[in-house]
Amino acid sequence: MASAPKRFKAAVGSGAQGKSSADPLSGFLAWCGRAGVELNPKVRLSREGAVAGYGMLAAEELEAGEVLFTIPRTALLSQHTTSIHALLQEAQESLQSQSGWVPLLLALLHEYTASNSHWQPYFSLWQDFRSLDHPMFWPQEERTRLLQGTGIPEAVDKDLANIQLEYNSIILPFMETHPDIFDPKLHTLELYKELVAFVMAYSFQEPLEEEEEDEKGPNPPMMVPVADILNHVANHNANLEYSPQCLRMVTTQPVRKGQEIFNTYGQMANWQLLHMYGFAEPYPGNSHDTADIQMVTLRRAALQRAKSEAQQQLVSEQWDFLCQLEMVGEEGAFVLGWDEVLTEEELSMTLKVLCMSEEEFKEYKEQDGWEDDSEEEENSTLSNEALCRLKTPCKKLLYDSVLLTLESYGADLKAEQDLLNNKEAYEKLSRREQQALHVRYGQKRILHQLLELVQ
(Lines give C-alpha, C1' and ligand atoms only; values in the text may rest on other atoms or scores of the structure.)
Protein backbone atom coordinates (compact mmCIF):
# COMPACT_ATOMS: atom_id res chain seq x y z
CA MET A 1 0.00 0.00 0.00
CA ALA A 2 3.03 2.34 0.01
CA SER A 3 2.05 3.78 -3.37
CA ALA A 4 -1.56 4.51 -2.36
CA PRO A 5 -1.08 8.04 -0.96
CA LYS A 6 0.76 9.01 -4.16
CA ARG A 7 -2.05 7.62 -6.26
CA PHE A 8 -4.60 9.55 -4.19
CA LYS A 9 -2.69 12.81 -4.59
CA ALA A 10 -2.84 12.41 -8.36
CA ALA A 11 -6.55 11.73 -8.17
CA VAL A 12 -7.58 15.05 -6.59
CA GLY A 13 -9.69 17.16 -8.95
CA SER A 14 -8.59 20.52 -10.32
CA GLY A 15 -10.69 22.28 -7.68
CA ALA A 16 -8.33 21.03 -4.99
CA GLN A 17 -4.92 21.35 -6.63
CA GLY A 18 -2.50 23.99 -5.46
CA LYS A 19 -4.26 24.46 -2.11
CA SER A 20 -2.84 23.78 1.31
CA SER A 21 -3.25 20.46 3.10
CA ALA A 22 -6.17 22.09 4.95
CA ASP A 23 -8.26 21.54 1.78
CA PRO A 24 -10.97 19.04 2.86
CA LEU A 25 -10.69 16.88 -0.28
CA SER A 26 -6.88 16.59 -0.07
CA GLY A 27 -7.12 15.69 3.62
CA PHE A 28 -9.84 13.15 2.91
CA LEU A 29 -7.85 11.49 0.11
CA ALA A 30 -4.78 11.25 2.35
CA TRP A 31 -7.02 9.60 4.99
CA CYS A 32 -8.29 7.15 2.32
CA GLY A 33 -4.69 6.16 1.58
CA ARG A 34 -4.05 5.44 5.26
CA ALA A 35 -7.37 3.54 5.55
CA GLY A 36 -6.44 1.15 2.72
CA VAL A 37 -8.88 2.47 0.12
CA GLU A 38 -7.57 1.78 -3.41
CA LEU A 39 -8.60 4.30 -6.06
CA ASN A 40 -8.21 3.66 -9.79
CA PRO A 41 -5.77 6.31 -11.17
CA LYS A 42 -8.14 6.78 -14.15
CA VAL A 43 -10.69 8.62 -11.94
CA ARG A 44 -10.62 11.79 -9.86
CA LEU A 45 -12.81 13.37 -7.20
CA SER A 46 -13.74 17.00 -7.74
CA ARG A 47 -16.39 19.67 -7.25
CA GLU A 48 -15.74 21.01 -10.75
CA GLY A 49 -17.62 19.12 -13.46
CA ALA A 50 -19.96 17.37 -11.00
CA VAL A 51 -23.73 17.90 -11.15
CA ALA A 52 -23.88 18.61 -7.41
CA GLY A 53 -21.34 18.96 -4.59
CA TYR A 54 -18.43 16.58 -4.99
CA GLY A 55 -18.48 13.96 -7.71
CA MET A 56 -16.29 11.37 -9.43
CA LEU A 57 -15.08 12.01 -12.98
CA ALA A 58 -13.23 9.88 -15.50
CA ALA A 59 -9.68 11.23 -15.96
CA GLU A 60 -9.25 8.69 -18.77
CA GLU A 61 -11.58 6.54 -20.84
CA LEU A 62 -13.06 3.61 -18.88
CA GLU A 63 -14.40 0.30 -20.13
CA ALA A 64 -17.43 -1.55 -18.70
CA GLY A 65 -16.45 -3.74 -15.75
CA GLU A 66 -13.53 -1.60 -14.52
CA VAL A 67 -13.07 -1.35 -10.75
CA LEU A 68 -13.11 2.35 -9.81
CA PHE A 69 -12.20 1.90 -6.16
CA THR A 70 -12.01 -0.78 -3.49
CA ILE A 71 -12.91 -0.04 0.14
CA PRO A 72 -11.93 -2.46 2.90
CA ARG A 73 -14.72 -3.06 5.42
CA THR A 74 -12.49 -1.59 8.14
CA ALA A 75 -12.84 1.83 6.41
CA LEU A 76 -16.67 1.81 6.64
CA LEU A 77 -18.26 3.83 9.43
CA SER A 78 -20.97 1.82 11.18
CA GLN A 79 -22.18 0.82 14.61
CA HIS A 80 -19.59 -1.99 14.43
CA THR A 81 -16.52 0.14 13.54
CA THR A 82 -17.11 3.22 15.75
CA SER A 83 -14.92 3.65 18.85
CA ILE A 84 -18.08 3.25 21.01
CA HIS A 85 -19.15 -0.04 19.36
CA ALA A 86 -18.84 -1.97 22.67
CA LEU A 87 -21.30 0.44 24.38
CA LEU A 88 -23.73 0.17 21.48
CA GLN A 89 -23.48 -3.62 21.50
CA GLU A 90 -24.11 -3.75 25.24
CA ALA A 91 -27.20 -1.51 24.96
CA GLN A 92 -28.57 -2.96 21.71
CA GLU A 93 -31.92 -4.02 23.23
CA SER A 94 -32.71 -0.48 24.44
CA LEU A 95 -31.58 1.08 21.11
CA GLN A 96 -34.15 -0.67 18.94
CA SER A 97 -36.42 1.70 17.04
CA GLN A 98 -38.83 1.85 14.12
CA SER A 99 -36.14 3.27 11.82
CA GLY A 100 -33.38 0.85 12.89
CA TRP A 101 -30.94 3.77 12.55
CA VAL A 102 -30.34 4.66 16.22
CA PRO A 103 -27.00 2.78 16.72
CA LEU A 104 -25.49 4.39 13.59
CA LEU A 105 -26.82 7.83 14.59
CA LEU A 106 -25.28 7.52 18.06
CA ALA A 107 -21.99 6.51 16.43
CA LEU A 108 -22.20 9.60 14.19
CA LEU A 109 -23.13 11.92 17.10
CA HIS A 110 -19.97 10.77 18.89
CA GLU A 111 -17.53 10.59 15.96
CA TYR A 112 -18.65 13.90 14.43
CA THR A 113 -18.03 15.85 17.65
CA ALA A 114 -14.96 13.99 19.00
CA SER A 115 -11.83 16.00 18.15
CA ASN A 116 -9.69 12.83 18.06
CA SER A 117 -12.11 10.84 15.88
CA HIS A 118 -10.54 8.62 13.25
CA TRP A 119 -13.30 9.88 10.90
CA GLN A 120 -12.63 13.65 11.10
CA PRO A 121 -11.12 13.91 7.56
CA TYR A 122 -14.27 12.19 6.25
CA PHE A 123 -16.64 14.56 8.09
CA SER A 124 -14.63 17.60 6.93
CA LEU A 125 -16.18 17.13 3.45
CA TRP A 126 -19.47 18.34 4.97
CA GLN A 127 -18.96 21.60 6.83
CA ASP A 128 -22.69 21.90 7.43
CA PHE A 129 -25.21 19.09 6.96
CA ARG A 130 -27.94 21.65 6.32
CA SER A 131 -26.34 22.23 2.90
CA LEU A 132 -28.03 18.92 1.98
CA ASP A 133 -31.23 21.04 1.87
CA HIS A 134 -33.75 18.29 2.52
CA PRO A 135 -37.37 19.50 2.67
CA MET A 136 -37.26 18.77 6.43
CA PHE A 137 -35.08 21.92 6.72
CA TRP A 138 -37.44 24.12 4.69
CA PRO A 139 -39.87 26.38 6.57
CA GLN A 140 -43.27 24.67 6.77
CA GLU A 141 -44.93 27.42 4.71
CA GLU A 142 -42.42 26.94 1.88
CA ARG A 143 -42.71 23.17 2.04
CA THR A 144 -46.51 23.35 1.78
CA ARG A 145 -46.52 25.98 -0.97
CA LEU A 146 -43.96 24.26 -3.22
CA LEU A 147 -44.72 20.61 -2.54
CA GLN A 148 -48.48 20.50 -1.98
CA GLY A 149 -49.95 17.38 -3.62
CA THR A 150 -46.58 15.60 -4.03
CA GLY A 151 -46.75 13.54 -0.83
CA ILE A 152 -43.53 15.08 0.53
CA PRO A 153 -45.04 17.40 3.21
CA GLU A 154 -46.86 14.44 4.79
CA ALA A 155 -43.68 12.28 4.69
CA VAL A 156 -41.65 15.09 6.30
CA ASP A 157 -44.22 15.60 9.07
CA LYS A 158 -43.94 11.89 9.92
CA ASP A 159 -40.13 12.07 9.85
CA LEU A 160 -39.99 15.07 12.19
CA ALA A 161 -42.40 13.46 14.65
CA ASN A 162 -40.39 10.18 14.60
CA ILE A 163 -37.06 12.01 14.99
CA GLN A 164 -38.34 13.89 18.06
CA LEU A 165 -39.82 10.71 19.57
CA GLU A 166 -36.62 8.73 18.92
CA TYR A 167 -34.41 11.47 20.38
CA ASN A 168 -36.50 11.95 23.53
CA SER A 169 -37.29 8.29 24.25
CA ILE A 170 -34.04 6.54 23.19
CA ILE A 171 -31.16 8.97 22.55
CA LEU A 172 -31.50 11.17 25.66
CA PRO A 173 -31.77 8.25 28.13
CA PHE A 174 -28.71 6.62 26.52
CA MET A 175 -26.72 9.89 26.72
CA GLU A 176 -27.68 10.35 30.37
CA THR A 177 -26.27 6.88 31.09
CA HIS A 178 -22.94 7.88 29.48
CA PRO A 179 -22.24 11.52 30.52
CA ASP A 180 -18.50 11.00 29.99
CA ILE A 181 -19.12 10.57 26.22
CA PHE A 182 -22.31 12.53 25.47
CA ASP A 183 -23.53 16.00 26.39
CA PRO A 184 -27.15 16.93 25.49
CA LYS A 185 -26.00 20.58 25.15
CA LEU A 186 -23.64 19.50 22.35
CA HIS A 187 -25.52 16.46 21.04
CA THR A 188 -28.77 18.34 20.49
CA LEU A 189 -32.03 17.40 18.80
CA GLU A 190 -31.06 19.82 15.99
CA LEU A 191 -27.73 18.03 15.38
CA TYR A 192 -29.55 14.69 15.55
CA LYS A 193 -31.98 15.88 12.87
CA GLU A 194 -29.07 16.99 10.66
CA LEU A 195 -27.41 13.59 11.07
CA VAL A 196 -30.68 11.86 10.12
CA ALA A 197 -30.58 13.86 6.86
CA PHE A 198 -26.92 12.84 6.44
CA VAL A 199 -27.83 9.15 6.84
CA MET A 200 -30.79 9.59 4.46
CA ALA A 201 -28.59 11.13 1.79
CA TYR A 202 -25.32 9.25 2.12
CA SER A 203 -25.70 5.89 3.88
CA PHE A 204 -25.82 2.48 2.22
CA GLN A 205 -27.70 -0.67 3.22
CA GLU A 206 -26.13 -3.93 2.21
CA PRO A 207 -28.71 -6.05 0.35
CA LEU A 208 -29.76 -9.27 2.06
CA GLU A 209 -29.23 -12.67 0.49
CA GLU A 210 -32.48 -14.02 -0.98
CA GLU A 211 -32.84 -16.73 1.67
CA GLU A 212 -32.42 -14.10 4.43
CA GLU A 213 -35.09 -11.71 3.15
CA ASP A 214 -38.03 -13.49 4.78
CA GLU A 215 -36.23 -14.18 8.06
CA LYS A 216 -34.86 -10.76 9.06
CA GLY A 217 -35.40 -7.07 8.44
CA PRO A 218 -33.08 -4.94 6.30
CA ASN A 219 -29.41 -4.60 7.24
CA PRO A 220 -28.62 -1.51 9.34
CA PRO A 221 -27.29 1.49 7.38
CA MET A 222 -23.58 2.30 7.19
CA MET A 223 -21.46 5.13 5.83
CA VAL A 224 -19.23 4.20 2.88
CA PRO A 225 -16.50 6.84 2.28
CA VAL A 226 -15.75 7.56 -1.44
CA ALA A 227 -18.84 5.60 -2.58
CA ASP A 228 -21.07 8.29 -1.09
CA ILE A 229 -19.35 10.97 -3.21
CA LEU A 230 -20.83 9.57 -6.43
CA ASN A 231 -24.02 11.35 -7.53
CA HIS A 232 -27.17 9.53 -8.70
CA VAL A 233 -29.07 9.33 -11.98
CA ALA A 234 -31.61 6.72 -13.10
CA ASN A 235 -29.42 5.96 -16.14
CA HIS A 236 -26.28 5.30 -14.06
CA ASN A 237 -22.92 3.95 -15.24
CA ALA A 238 -21.52 2.33 -12.06
CA ASN A 239 -22.68 -0.06 -9.35
CA LEU A 240 -21.51 -0.89 -5.82
CA GLU A 241 -20.61 -4.57 -5.29
CA TYR A 242 -20.29 -6.22 -1.88
CA SER A 243 -17.90 -9.00 -0.84
CA PRO A 244 -16.90 -10.31 2.63
CA GLN A 245 -13.63 -8.32 2.79
CA CYS A 246 -14.42 -5.17 0.83
CA LEU A 247 -16.80 -3.13 -1.33
CA ARG A 248 -16.05 -2.24 -4.97
CA MET A 249 -17.53 0.34 -7.33
CA VAL A 250 -17.57 -1.09 -10.85
CA THR A 251 -18.51 0.55 -14.17
CA THR A 252 -21.60 -0.92 -15.87
CA GLN A 253 -20.90 0.69 -19.26
CA PRO A 254 -18.04 2.52 -21.00
CA VAL A 255 -17.36 6.03 -19.65
CA ARG A 256 -15.76 8.79 -21.76
CA LYS A 257 -12.87 10.90 -20.47
CA GLY A 258 -14.21 13.89 -18.51
CA GLN A 259 -17.64 12.29 -18.03
CA GLU A 260 -19.12 12.08 -14.51
CA ILE A 261 -19.51 8.63 -13.00
CA PHE A 262 -22.92 8.01 -11.43
CA ASN A 263 -24.08 5.39 -8.98
CA THR A 264 -27.75 4.52 -8.45
CA TYR A 265 -29.62 4.88 -5.16
CA GLY A 266 -32.23 2.45 -6.50
CA GLN A 267 -35.38 2.82 -8.59
CA MET A 268 -36.54 6.05 -6.98
CA ALA A 269 -39.22 8.51 -7.99
CA ASN A 270 -38.41 12.22 -7.90
CA TRP A 271 -40.50 12.80 -4.76
CA GLN A 272 -38.44 10.12 -2.98
CA LEU A 273 -35.17 11.64 -4.22
CA LEU A 274 -36.12 15.11 -2.96
CA HIS A 275 -37.46 13.78 0.33
CA MET A 276 -34.47 11.49 1.07
CA TYR A 277 -31.57 13.13 -0.78
CA GLY A 278 -32.49 16.79 -1.27
CA PHE A 279 -32.60 16.83 -5.11
CA ALA A 280 -34.76 15.73 -8.05
CA GLU A 281 -33.84 14.71 -11.61
CA PRO A 282 -34.88 17.23 -14.28
CA TYR A 283 -37.68 16.02 -16.58
CA PRO A 284 -37.52 13.68 -18.53
CA GLY A 285 -34.39 12.14 -16.98
CA ASN A 286 -36.01 10.00 -14.29
CA SER A 287 -37.42 6.88 -15.95
CA HIS A 288 -38.38 5.58 -12.47
CA ASP A 289 -40.62 8.55 -11.66
CA THR A 290 -44.08 7.82 -10.25
CA ALA A 291 -47.30 9.57 -9.27
CA ASP A 292 -49.69 8.54 -6.51
CA ILE A 293 -53.46 8.43 -6.31
CA GLN A 294 -54.45 8.22 -2.65
CA MET A 295 -56.62 5.15 -2.07
CA VAL A 296 -59.25 7.23 -0.28
CA THR A 297 -59.51 9.39 -3.43
CA LEU A 298 -61.04 6.42 -5.28
CA ARG A 299 -63.56 6.05 -2.47
CA ARG A 300 -64.31 9.78 -2.69
CA ALA A 301 -64.84 9.54 -6.48
CA ALA A 302 -67.11 6.50 -6.03
CA LEU A 303 -69.17 8.32 -3.37
CA GLN A 304 -69.51 11.37 -5.62
CA ARG A 305 -70.84 9.12 -8.37
CA ALA A 306 -73.40 7.46 -6.06
CA LYS A 307 -76.82 8.94 -6.78
CA SER A 308 -78.73 7.70 -3.73
CA GLU A 309 -78.17 6.97 -0.07
CA ALA A 310 -78.43 3.24 -0.84
CA GLN A 311 -75.63 3.53 -3.44
CA GLN A 312 -73.47 5.47 -0.96
CA GLN A 313 -74.08 2.74 1.60
CA LEU A 314 -73.01 0.15 -1.00
CA VAL A 315 -69.75 2.05 -1.66
CA SER A 316 -69.03 2.11 2.10
CA GLU A 317 -69.64 -1.64 2.35
CA GLN A 318 -67.44 -2.30 -0.70
CA TRP A 319 -64.66 -0.17 0.82
CA ASP A 320 -64.87 -2.04 4.15
CA PHE A 321 -64.67 -5.33 2.25
CA LEU A 322 -61.54 -4.12 0.39
CA CYS A 323 -60.02 -3.09 3.73
CA GLN A 324 -60.65 -6.61 5.10
CA LEU A 325 -58.88 -8.05 2.03
CA GLU A 326 -56.00 -5.61 2.80
CA MET A 327 -56.26 -4.17 -0.71
CA VAL A 328 -56.78 -0.60 0.55
CA GLY A 329 -56.17 1.50 3.66
CA GLU A 330 -56.83 5.03 4.86
CA GLU A 331 -53.19 6.07 4.29
CA GLY A 332 -52.32 3.92 1.27
CA ALA A 333 -51.76 5.03 -2.32
CA PHE A 334 -51.98 3.50 -5.79
CA VAL A 335 -48.62 4.06 -7.49
CA LEU A 336 -48.47 4.88 -11.21
CA GLY A 337 -45.30 4.54 -13.30
CA TRP A 338 -44.66 5.74 -16.85
CA ASP A 339 -45.51 2.36 -18.40
CA GLU A 340 -47.73 0.60 -15.87
CA VAL A 341 -49.45 0.74 -12.51
CA LEU A 342 -46.96 -0.50 -9.90
CA THR A 343 -49.72 -1.44 -7.42
CA GLU A 344 -51.64 -3.30 -10.09
CA GLU A 345 -53.29 -5.96 -7.90
CA GLU A 346 -54.64 -3.40 -5.43
CA LEU A 347 -55.94 -1.02 -8.11
CA SER A 348 -57.47 -3.80 -10.26
CA MET A 349 -59.35 -5.25 -7.31
CA THR A 350 -60.47 -1.82 -6.00
CA LEU A 351 -61.84 -0.72 -9.38
CA LYS A 352 -63.55 -4.06 -9.88
CA VAL A 353 -65.27 -4.07 -6.46
CA LEU A 354 -66.24 -0.38 -6.41
CA CYS A 355 -67.84 -0.73 -9.86
CA MET A 356 -70.00 -3.75 -8.90
CA SER A 357 -73.79 -3.55 -8.63
CA GLU A 358 -75.39 -4.58 -5.35
CA GLU A 359 -76.22 -8.05 -6.76
CA GLU A 360 -72.71 -8.59 -8.17
CA PHE A 361 -71.14 -7.50 -4.90
CA LYS A 362 -73.39 -9.81 -2.85
CA GLU A 363 -72.47 -12.78 -5.05
CA TYR A 364 -68.77 -11.86 -4.97
CA LYS A 365 -68.76 -11.67 -1.16
CA GLU A 366 -70.41 -15.07 -0.91
CA GLN A 367 -67.46 -16.47 -2.86
CA ASP A 368 -65.18 -14.75 -0.31
CA GLY A 369 -63.71 -12.63 -3.08
CA TRP A 370 -62.12 -15.62 -4.80
CA GLU A 371 -62.82 -16.45 -8.40
CA ASP A 372 -61.41 -19.28 -10.46
CA ASP A 373 -60.82 -17.04 -13.44
CA SER A 374 -57.31 -17.62 -14.70
CA GLU A 375 -57.86 -15.42 -17.75
CA GLU A 376 -58.73 -12.44 -15.55
CA GLU A 377 -55.74 -13.21 -13.31
CA GLU A 378 -53.50 -13.26 -16.37
CA ASN A 379 -54.72 -9.82 -17.47
CA SER A 380 -54.33 -8.19 -14.05
CA THR A 381 -51.07 -6.47 -15.10
CA LEU A 382 -52.13 -2.87 -15.52
CA SER A 383 -49.84 -1.81 -18.33
CA ASN A 384 -50.78 1.31 -20.28
CA GLU A 385 -52.29 -0.96 -22.93
CA ALA A 386 -54.38 -2.80 -20.31
CA LEU A 387 -55.62 0.52 -18.87
CA CYS A 388 -57.08 1.37 -22.29
CA ARG A 389 -59.03 -1.93 -22.21
CA LEU A 390 -60.67 -1.39 -18.81
CA LYS A 391 -64.47 -1.57 -18.70
CA THR A 392 -66.18 1.81 -19.06
CA PRO A 393 -67.32 2.17 -15.40
CA CYS A 394 -63.76 1.41 -14.19
CA LYS A 395 -62.31 3.94 -16.65
CA LYS A 396 -64.77 6.57 -15.48
CA LEU A 397 -63.98 5.97 -11.79
CA LEU A 398 -60.24 6.13 -12.48
CA TYR A 399 -60.64 9.28 -14.61
CA ASP A 400 -62.59 11.04 -11.85
CA SER A 401 -59.97 9.97 -9.28
CA VAL A 402 -57.15 11.46 -11.40
CA LEU A 403 -59.07 14.76 -11.70
CA LEU A 404 -59.50 14.88 -7.92
CA THR A 405 -55.78 14.14 -7.47
CA LEU A 406 -54.77 16.94 -9.87
CA GLU A 407 -56.88 19.37 -7.81
CA SER A 408 -54.56 18.80 -4.83
CA TYR A 409 -51.66 20.58 -6.59
CA GLY A 410 -51.25 24.35 -6.61
CA ALA A 411 -50.68 25.10 -10.33
CA ASP A 412 -51.77 23.31 -13.52
CA LEU A 413 -49.57 21.37 -15.93
CA LYS A 414 -49.47 24.03 -18.66
CA ALA A 415 -48.23 26.78 -16.30
CA GLU A 416 -45.40 24.51 -15.17
CA GLN A 417 -44.57 23.42 -18.71
CA ASP A 418 -44.30 27.09 -19.75
CA LEU A 419 -41.99 27.74 -16.80
CA LEU A 420 -39.71 24.81 -17.71
CA ASN A 421 -39.61 25.91 -21.37
CA ASN A 422 -38.76 29.52 -20.47
CA LYS A 423 -35.04 29.31 -19.62
CA GLU A 424 -34.84 32.88 -18.35
CA ALA A 425 -37.83 32.47 -16.02
CA TYR A 426 -36.61 29.05 -14.84
CA GLU A 427 -33.16 30.39 -13.93
CA LYS A 428 -34.75 33.10 -11.78
CA LEU A 429 -36.29 30.41 -9.57
CA SER A 430 -34.54 29.47 -6.33
CA ARG A 431 -32.94 26.02 -6.15
CA ARG A 432 -35.82 24.81 -3.95
CA GLU A 433 -38.39 26.12 -6.44
CA GLN A 434 -36.58 24.32 -9.29
CA GLN A 435 -36.37 20.99 -7.44
CA ALA A 436 -40.03 21.18 -6.40
CA LEU A 437 -41.02 22.02 -9.99
CA HIS A 438 -39.31 18.86 -11.32
CA VAL A 439 -41.18 16.74 -8.74
CA ARG A 440 -44.59 18.28 -9.46
CA TYR A 441 -44.18 18.33 -13.23
CA GLY A 442 -43.17 14.66 -13.51
CA GLN A 443 -46.08 13.56 -11.34
CA LYS A 444 -48.59 15.64 -13.32
CA ARG A 445 -47.27 14.32 -16.64
CA ILE A 446 -47.90 10.74 -15.46
CA LEU A 447 -51.39 11.67 -14.21
CA HIS A 448 -52.26 13.44 -17.49
CA GLN A 449 -50.99 10.43 -19.44
CA LEU A 450 -53.40 8.27 -17.41
CA LEU A 451 -56.28 10.66 -18.18
CA GLU A 452 -55.65 10.18 -21.91
CA LEU A 453 -55.48 6.38 -21.52
CA VAL A 454 -58.86 6.09 -19.75
CA GLN A 455 -60.82 8.80 -21.60
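These exercises walk through how two domains of a predicted model meet.

Before we start: residues are numbered from 1 along each chain as its sequence is written, and side-chain values use heavy atoms, with hydrogens and water left out. In this predicted model, local features need pLDDT of at least 70 and side-chain atom pairs count only at pLDDT 80 or more, while totals for chains, interfaces and linings use all residues.

**Exercise 1.** Find the two domains and say how many residues of each are in contact.

*Solution.* Step 1: the domain assignment (automatic or from a database) gives domain 1 as 84–277 and domain 2 as 291–367 + 380–454. Step 2: taken over C-alpha atoms, their centres are 32 Å apart. Step 3: with contact meaning heavy atoms within 4.5 Å, 16 residues of domain 1 touch 13 residues of domain 2.

**Exercise 2.** State the area buried between domain 1 and domain 2, and name three residues that supply much of domain 1's part.

*Solution.* Step 1: buried area is the accessible area (1.4 Å probe) that two parts lose on being put together, summed over both. Step 2: here that comes to about 1,200 Å², with carbon and sulfur atoms giving 50%. Step 3: D133, L146 and Q148 supply 35% of the area that domain 1 buries against domain 2, more than any other three residues.

**Exercise 3.** Count the salt bridges across the interface, then look at the pair R432 and E142.

*Solution.* Step 1: a salt bridge needs a side-chain nitrogen of Lys or Arg within 4 Å of a carboxyl oxygen of Asp or Glu. Step 2: the rule finds 4 across the interface of domain 1 and domain 2. Step 3: the side chains of R432 and E142 form a salt bridge, at 2.8 Å from N to O.
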